[in-house]
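Here is a short tour for a first look. Take a moment with the sequence and the model before reading on.

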Amino acid sequence: MSRIQGKTASPQLPTDQVYVGIDVSKSHLDVHIHPSGVARRVANDKAGLQMLVRLFRSYAPQTIVLEATGQYHRLAHRHLHDAGFCVAVMNPFRTRRFADMLGQLAKTDMIDARTLALFAAMVRPEAKVPPAPAQAELAALLVARRQVSQQKGALQNQLGVSDHALVSRQIRARIKMADRHLVALDAEIRQTLRTQPDLKQRYDILTSVPGIGLVTAATMIAELDELGDAKGSQIAALVGVAPMNCDSGALRGQRRIRGGRASVRNTLYMAAVAAVRSNGSIAAFYERLRANGKPFKVAITAVIRKLAIIANTLITENRKWEAQRP
């Protein structure tokens, strides 16, 4: 049941527009409306969201901000978007940095909701359309796959230090089970991609690039939906491989990468390593960088950036990869 938590004072920002912050948890949603200061809590289900839709229609918010919280924010995102509201889904790291900037050290659900409302009012983030059901299903499969893969890696590390026969035998059995789960998840990912024409088209284009396989292509499709609609430099920044300036006054620092979507970057790293071995033009690009004295980390990051930009260009132009002729 919804209940009013009371009003809290918000900074007097120079705006007549209304902004909403929603802190998401598994069981409930904490809401703050700026600048009125109205705060509410509702259940994180369809009934609770219907109550919020009625409330928000009386305020007509310019933007509603949610944090990306795995699967828990998806119902609110889709429900509010379908009701006609502009909903922005933000990286929690970015909004936490914003709270630090405000000097907001305390952390409760209602404080977080208020911080998100202020973030919406000051930053004016762009709204994000919820992923299509097939894309959301693909994303869920990839999350499950990453979890199983991480568990397998942990088990392999345990096996390496185990000196007890029974423990080692049980660990090996769990590794084999993880392998079976990975095979089943890969088959389901492949089936999802093949049965959706739009996803299949993107998958066929991406996997035409030597080095990009099933998992990398599926991850880019599911978690980089700006692919094909953004400039190459923007895609590089979204992946987190765009060099950022580190200059201040007379100081000229090294350019460094930061931020971006770690899951996409991690899979592209593996694709980059494979491309250096199997893709002639990518291999030549990498070898030039190494010959010019670039360390491995810098050179492989440049390859990741190049792959991301190539993928974006191919999706934009709706064509497959063509190897460059010597």
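What covers the buried residues of α8? The cover includes α5, α6, α7, α10 and α12 (296-317). Keep in mind that this is a predicted model.

## The whole protein

The protein has 326 residues, and 42% of them count as buried. There are 12 helices and eight strands. About 18,000 Å² of the protein is exposed. Carbon and sulfur atoms supply 53% of that area.

Contacts often span long stretches of sequence. Take the contacts between residues at least 6 apart: 63% of them join residues at least 24 apart.

## A covered helix

Helix α8 is mostly covered, with nine of its 10 residues buried. The buried residues are Leu214, Thr216, Ala217, Ala218, Thr219, Met220, Ile221, Ala222 and Glu223. Helices named as cover include α6, α10 and α12, and each of these holds a residue described below.

## Residues in the covering helices

Arg190 lies in helix α6, which runs over residues 165-195. Is Arg190 buried or partly exposed? Arg190 counts as partly exposed, because its relative accessibility is 28% and the partly exposed range lies between 20% and 50%. Along the chain, Arg190 and Val215 are 25 residues apart. Their C-alpha atoms are separated by 9.2 Å.

Val273 sits in helix α10, residues 262-278. Its relative accessible area is 19%, so Val273 is buried; the cut-off is under 20%. Val273 and Ile300 are 27 residues apart in sequence. In space, 7.4 Å lies between them, C-alpha to C-alpha.

## Asn312 and its neighbours

Asn312 is found in helix α12. Asn312 counts as buried because its relative accessibility is 3%. Which residues does Asn312 touch, not counting residues up to four places away in sequence? They are Glu226, Leu227, Gly228, Asp229, Ala230, Lys231, Gly232 and Ile235.

One of these residues also makes a polar contact. A polar atom of the Asn312 side chain lies 2.8 Å from the backbone oxygen of Ala230.

## A serine in a loop

Ser208 is placed in the loop between α7 (197-206) and α8 (214-223). Leaving out residues up to four places away in sequence, Ser208 touches Lys320 and Trp321. The side chain of Ser208 reaches the backbone nitrogen of Trp321 at 2.9 Å.

## The largest pocket

A probe rolled over the atoms, the size of a water molecule, shows where empty space is left. The largest pocket has a volume of about 2,100 Å³. Its lining counts 48 residues. Val89, Met90, Asn91, Lys128 and Arg261 lie nearest the centre.

Which element gives the largest share of the lining? That is α5, with six residues. At least two lining residues each come from α2 (74-82), β6 (87-90), α3 (92-101), α5 (133-161), α8, α9 (232-239) and α10. By class, the lining has 24 nonpolar, 11 polar and 13 charged residues. Helix α8 thus appears twice in this report: it is mostly covered, and it supplies at least two residues of the pocket lining.

Methods: Residues numbered from 1 in each chain as written. Predicted model: local features only at pLDDT ≥ 70, side-chain atom pairs only at ≥ 80, totals over all residues. Heavy atoms only, no water. Helix = DSSP H or I, 4+ residues; strand = E, 2+ residues; numbered from the N terminus. Polar contact = N/O pair within 3.5 Å; in protein donor to acceptor, adjacent residues only side chain to side chain. Contact = heavy atoms within 4.5 Å. Buried < 20%, exposed > 50% of the residue type's maximum accessible area, 1.4 Å probe, protein only. 1 Å grid on protein atoms, 1.4 Å probe; cavity = no way out; pocket = protein on both sides within 12 Å on 5 of 7 lines; lining within 4 Å. Points joined across faces, edges and corners; volume = space filled by probe spheres on them. Nonpolar A, V, L, I, M, F, W, Y, C, P; charged D, E, K, R; others polar. Areas by Shrake-Rupley, 256 points an atom, 1.4 Å probe, with all protein chains shown as cover.
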